[in-house]
Amino acid sequence: MEDTILSRNDTSIKKKNTIENDVPGDDDEHLPEMTLEVQNAVKNDFKRLEVYGESEDEVKDVYEDLQRVIENEDEEENEVGKISTKPGKSKRKELHSTTKIHALSDSWDEEGREVILQVYKLLFTSQCDDENTYSNFALLVKSVLDNDITDTEIDLFLTTDKIVKAKLLPSGEMTLDSTQLRNAKDFQEILFNGICRNLRDRKVITEMKNLWCSSYMYLLLPLESDGVTVIDWNCIETCASSARQFKVLSTISEEDHSTINVDNIREAPMVGTTHLHSQGESEILILANGICETSNLIDKAVVTVHNGMIYQVVSIIHDTTAQRPFPSTEDSKPRYDSYTDYSQKKYGKKLKNLNQPILLAKQADRPHNFLAKDQQKPIVNEGKFVELPPELCLNLGVPSSVMRSLYLVPSAMHRLTSLMLASQIHKEIRKECSDCPPISVPLIMEALTSRKCLECFSYERLELLGDSFLKYAISQHLFMKYENEDEGELSAHRAESVCNTILHHLALTRNLQGYIQDEPFHWRKWVAPGLLCRSIVPCSCNPKDPNSLPVEKVCDKGHRWIYSKTISDVVEALIGAHLVGGGTIAALEFMRWMNMEVDIEDKSVEIAFKRCFAYPSVLNTSLDELQSLLYYHFENPCLLVEALTHASINEHGRRSYQRLEFLGDSVLDLLITQHLFSTYQELSPGDLSDLRQAAANNQNFAQVTVKHNIQNYLCHHSDDIKNQIEKFVEDFEQCKGGDCQFISFGGGMRAPKVLGDLIESISGAILVDNRLKPNIVWDKIYPILSPIVTPENVVPQPLRELYELCDQHHYKYNWKPITKTENVNVATVQIQLEDFSIHGEGSDKNTKFAMTKAAKDALATLQVKGICHGRHTFVQSSMDTTGNEAPHSSNIIAQENMIIASSPQTDSGESDQCHRGETDEEENLLCSSKSMQDFYSKL
């Protein structure tokens, strides 16, 4: 099952040494993916525009002009001539297999031998005022489970407000003899198949053979109610005996039902008693599998032989017998004269004991996905009541408290098996990386779980953090490795190293796809020992046809469809999990395990520190004020000089800040992401991404530069840059302290790119000067950046907010074709509400900024009419730490493992509001609508 089936054209990547020949395929990198010719063209244009002081928007326009060429390279023809995307892309679906759980794989189910198993007490504890009680179970497996698995509590949401917690406790070993093993398996078979409605079809019952597989084995047995770990063998033996009788009764032909002699199949003379009471306090009833005292029947589970349903007996209706007229409905007359007539005509069962009282029973609940907090579920224990003749019932002897817990078992076991898989991959990593610190297994599980699972957590927050660390680690490595290459060349190397195509390939070499959880739990697709999963179908999977495996079915070979980009995202999420759980050491060890090049030699760091050059006349220039502002004295002042030198300075031996900017950009992105990640632990991934884009972008950095007058230290030989800086400073001073606000996502005052570059290059210089210690960079840069944007004052991404709002209210929207007026693009969007429509319009030289302004215009109109995005309510509630929502696993890990443990104290004089500007990732707008993505592709 661990073999991987690749879809369509995935065979283009076979060996590790072919990676460099593949076209990169990253959706998220600032620099687009391109061939060497296109890369060189972009580099030349990038240098030209920077030297002459063009704005960041015009630099981006160079990339946009080449986008068609790049997009064509992103697609290829498969064998049948259809266009398909490269590996690692969000539109590409691939067929992959699941990984076996080693902890549950063992051939201990052989008949006739005893077996020694590990026992774990599975506790169910209600967290609300609930009159119902829940029985505990014993989980029996062959292997010892990790402490992280047994230490994890599982929240099971009966409703949004009603929670039952499940937890494992180690309870030693236990030896089962062959009889106990047989009874335990029969007990598990009838109850698992009963709650999953498999006993209703006689044909299905005949197929219930070979339900136990050595590659997936465990037993779940009820415990006695005295609180100790003692298995309730009386309950198990009674249920197992009835299970074997049920199979006999259910497979006999209908003609033989009327003449069957119960005594011939009964294994014991009584069910639940050892002697017969003719009269007394406890009444005797004749069931399908013998006689039973009513005291041993009330509040117990029974299974009916006529329809294979499990019920819980509530009481005995003494004044009603099988000869009572059959109930009728208000709309129609009864189709049967009595219960006897009903049993005979519909099921071919002739009742003999016509004077017995009827049982009042409640239909047992069916399992649900109790792991999903917000998913609608029927209220547990509110099944409908029915009246049953005793002769149609077999007493399973299972108390209602056991049945109540049994319906929680599928969800609990699904979570436990996910934890086992996470523990398994963590062991594989640490086996090869002995220096990797131990990481919390729930944290690893979170990194392997996609949002599609509908859990209270997903990998997206960790992916955001891992993406930043990946960018930083690769940038640091490239900076040291290619000491003579400029920023454009380094950026091209980085874009290739962190692209999704490469991450996808590396993930496949480590079989990460087999561990990914990518679909919500559903009881109909639940696979368990002893359970006949009716959704399993023989493998007919075709890697070229996603419809070859329907969504509602399960392949018997374990294959499932996964989006290609999900696999790449999980790599970044696992990097983030290791960073949170074990710090930079663990994150780098994991990246090495993934065969990423991140090693840096100590001598390379020293070379980078010493190689900076500056003329004595330049060094004599007073830089004390700037160093005082930073509260940092450079050991090598030449680094600071280089960080302040623009590419327009063309002096022999003097280098511009571009390389340091390349390094500083990555370390600032990481540090800001970590700060936001640890500060706003309950914020959704989308809102956290908005915060990062608003805090770590050129516009914001440019304002910080002007706010502290750092632009006065810039060395350049460009009149255009001088004029742009003066204009921006003038506009900034006019807005300072007033109502004017800078716009994060298009519009507003545009900052010259050089101003934002200064903050990044100075950060890179500090990083090199202190021999690559990011925490020192944060200590010095944080006071300058403060105050950093918060959820209360962030300006959301207008396009994404508009699409999400339309999805929430089911509004239709339509973008009209872009028009041009005097070299200005005009974008118009129409929103169709229930009774009328509104329009939003925006204009800008940049097409995407024009669309952003149009989205903002439409949002403003909607807000006037009282229609707002739900985020505005969520952001406020996310700041309330008293909420009941289960925290992300990544948020409960000790933050001291991170590069920054907390925000440094800021000077009270640094409290001016920092406005926000366009992000460096504006080209990768977070669109939630496929139609909008299609619109972009047509531009």
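How many disulfides does the structure hold? Zero. Keep in mind that we're looking at a predicted model here, so let's check what the cysteines are up to before moving on to the rest of the fold.

Take Cys555 to begin with. Its closest cysteine sulfur sits in Cys539, 3.6 Å away, and that is too far for a bond, because a disulfide calls for sulfur atoms within 2.5 Å. Cys196 tells a similar story: the closest cysteine sulfur belongs to Cys533, and with 8.1 Å between the two sulfurs, that's too far for a bond. As for the surroundings, Cys555 has a relative accessibility of 4%, so it counts as buried. Cys196 comes in at 7% and counts as buried too.

Now step back and take in the whole protein. There are 939 residues, and 58% of them are buried. The secondary structure adds up to 30 helices and 23 strands. If you take the contacts between residues at least 6 apart in sequence, 75% of them link residues at least 24 apart. As for the outside, the protein exposes about 40400 Å², with carbon and sulfur atoms supplying 47% of that area.

For a close-up of a contact across the sequence, find Ile149. This residue is part of helix α4, which covers residues 147-150. Is Ile149 buried or exposed? With a relative accessibility of 2%, Ile149 counts as buried. Setting aside the neighbours within four places in sequence, Ile149 touches Leu168, Leu416, Leu419, Met420, Ser423 and Val441. Val441 is worth a second look: it is 292 residues from Ile149 in sequence, yet their C-alpha atoms are 7.1 Å apart in space.

Ile818 gives you another isoleucine to look at. You'll find it in the loop between β20 (812-815) and β21 (819-821). At 25% relative accessibility, Ile818 counts as partly exposed, since the cut-off for buried is under 20%. Ten residues separate Ile818 from Thr828 in sequence, and the C-alpha to C-alpha distance between them is 7.4 Å.

Next, follow helix α21, residues 658-679, and see how it meets helix α26, residues 774-785. Their axes come within 10 Å and cross at roughly 75°, which means α21 is roughly perpendicular to α26. On the α21 side, the contact uses Val667, Leu668, Leu671, Ile672 and His675. From α26 come Pro774, Val777, Trp778, Ile781, Tyr782 and Leu785. Sort these by class and you get ten nonpolar residues, one polar and no charged ones.

Helix α21 also packs against helix α25, residues 753-769. Here the axes are 6 Å apart and the angle is about 85°, so α21 and α25 are roughly perpendicular to each other. The α21 residues involved are Leu660, Glu661, Leu663, Gly664, Asp665, Val667 and Leu668. They meet Lys753, Asp757, Ile759, Glu760, Ser761, Ser763, Gly764, Ala765, Leu767 and Val768 of α25. What does this contact of α21 with α25 have by class? There are eight nonpolar, four polar and five charged residues. Set that beside the contact of α21 with α26, which has no charged residues. To see where the two contacts meet on α21, look for Val667 and Leu668: they touch α26, and they also touch α25.

Terms used:
Residues numbered from 1 in each chain as written. Predicted model: local features only at pLDDT ≥ 70, side-chain atom pairs only at ≥ 80, totals over all residues. Heavy atoms only, no water. Axes fitted to C-alpha atoms, helices over the stretch in contact; angles between N-to-C directions. Helix = DSSP H or I, 4+ residues; strand = E, 2+ residues; numbered from the N terminus. Parallel < 35°, antiparallel > 145°, perpendicular 65-115°, else oblique. Contact = heavy atoms within 4.5 Å. Nonpolar A, V, L, I, M, F, W, Y, C, P; charged D, E, K, R; others polar. Buried < 20%, exposed > 50% of the residue type's maximum accessible area, 1.4 Å probe, protein only. Areas by Shrake-Rupley, 256 points an atom, 1.4 Å probe, with all protein chains shown as cover.
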